[in-house]
Amino acid sequence: MVENLNIDFLIEKAKSVLKNSYAPYSGIHVAAAILTRNGNVFLGVNVENASYGLTICAERSAISAMITAGEREPVAVAIVTDLDKPIPPCGACRQVIAEFNPETTIIMHSVKTGKTIIRNLKELFPNPFSLERK
Ligand code: THU
C-alpha cells in the first residue's frame, strides 16, 4: 500500500507539469506522475493532435518516460486534471499500466475541487489482456 506521504507527494509532482499539457482541442488538461518500486518518479502530460485520434494520454506519456529511463515497475500513478471531478484512466491506459503492474495504486485528483479518489488498478481493470495462458 502507498502511504499518505507518497500520495500527496505524487499529486504535487503531477501538478507541477499540468501547465505543460498540450490540449488545444479538448481543453482538458491532464498530468500523470508514476512512482516506481525504486522510489523514482516519472511524469507525463496529454499530448493532443489536429488528427484527434493520435492523442496520447498523460498516463501513457508517463509510462513511456519510465520505460525510457530503464524502469519497469510502477507502484502508484497519480492522475491530476483541471476538471471538476477526478478522472479515472481510460481503458487503453489501464491496459498499458497493467502490463507492468496490474496492482498499481491509482490516485485521481481534481486541482479545481481538491477531491482525491484512490483505487487499485485490479478493481478498475480486473481482467487485463495477457499472452500468459493461466
Ligand atoms: N486523457 C488523458 O490524458 N488521460 C485519460 O486517462 C483520459 C483522457 C486526455 C486525452 C485528451 O487529451 C483529453 O484527456 C480528453 O479526452
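Start by selecting K19: with a relative accessible area of 68%, this lysine is exposed. Keep in mind as you click around that you're looking at a predicted model. K19 sits in the loop that links α1 (4-15) to β1. Now show the side chain of K19 and follow it to the backbone oxygen of S16, which it reaches at 2.8 Å. For a sense of scale, add I7: K19 and I7 are 12 residues apart in sequence, and their C-alpha atoms are 20 Å apart in space.

Next, zoom out and color residues 5-132. UniProt lists that span, in an unreviewed entry, as "domain: CMP/dCMP-type deaminase". Within residues 5-132 you'll find 28% helix and 24% strand, and the C-alpha atoms at the two ends lie 35 Å apart.

Now for the ligand. Select the residues around it: S26, I28, V30, N46, E48, T55, C57, A58, E59, P88, P89 and C90. What kind of shell is this? It divides into 7 nonpolar, 3 polar and 2 charged residues. Turn on side chains and look at the ligand's oxygen atoms. One ligand oxygen is 2.5 Å from an N or O atom in the side chain of E48. For the side chain of E59, the distance from a ligand oxygen to an N or O atom is 2.6 Å. Do the same with N46, and you'll get 2.8 Å between a ligand oxygen and a side-chain N or O atom. Switch to a surface view here: on its own the ligand has 370 Å² of accessible area, and the protein covers 80% of that.

Stay in this area and pick three cysteines, C57, C90 and C93. They carry the UniProt annotation "binding site", again from an unreviewed entry. Why call them one spot? They span 37 residues in sequence, yet no two of their C-alpha atoms are more than 8.4 Å apart, so they gather together.

Take C90 by itself. It's in the loop between β3 and α3, and at 32% relative accessibility it counts as partly exposed. Leaving out residues up to four places away in sequence, C90 touches C57, E59 and R60.

Then click C93, which lies in helix α3. Is C93 buried or exposed? Its relative accessibility is 0%, so it counts as buried. With the sequence neighbors up to four places away left out, C93 touches C57, E59 and R60.

From here, move to helix α2, residues 58-68, and highlight its buried residues: A58, E59, S61, A62, I63 and M66. What covers them? Show β1 (30-36), β2 (41-45), β3 (74-81) and α3 (91-100), which are included in that cover. Just after α2, have a look at the backbone of G70, which takes a positive phi of about 95 degrees.

Finish on S61, a residue of helix α2. S61 has a relative accessibility of 17%; the cut-off for buried is under 20%, so S61 counts as buried. Draw a distance from its side chain to V45: a polar atom of the S61 side chain lies 2.8 Å from the backbone oxygen of V45. Then bring up the contacts of S61, skipping residues up to four places away in sequence, and you'll see L43, G44, V45, V47 and I56.

How values were computed:
Residues are numbered from 1 along each chain as its sequence is written. This is a predicted model: local features need pLDDT of at least 70, side-chain atom pairs count only at pLDDT 80 or more; totals for chains, interfaces and linings use all residues. Side-chain values use heavy atoms; hydrogens and water are left out. A residue is near a molecule or strand if one of its heavy atoms lies within 4 Å of it. A polar contact is a pair of N or O atoms within 3.5 Å; within protein, one must be able to donate a hydrogen and the other to accept it, and residues adjacent in sequence count only if both atoms are side-chain atoms. Accessible areas come from the Shrake-Rupley method with a 1.4 Å probe; for residues, only the protein chains shown count as cover. Ala, Val, Leu, Ile, Met, Phe, Trp, Tyr, Cys and Pro count as nonpolar, Asp, Glu, Lys and Arg as charged, and the others, Gly among them, as polar. UniProt positions are given in the numbering used here, feature names are shortened, and annotations may be inferred rather than shown by experiment. Helices (H or I, at least four residues) and strands (E, at least two) are DSSP runs, numbered from the N terminus. Buried means under 20% relative accessible area, exposed over 50%, partly exposed in between (1.4 Å probe, protein chains only). Contact means heavy atoms within 4.5 Å.
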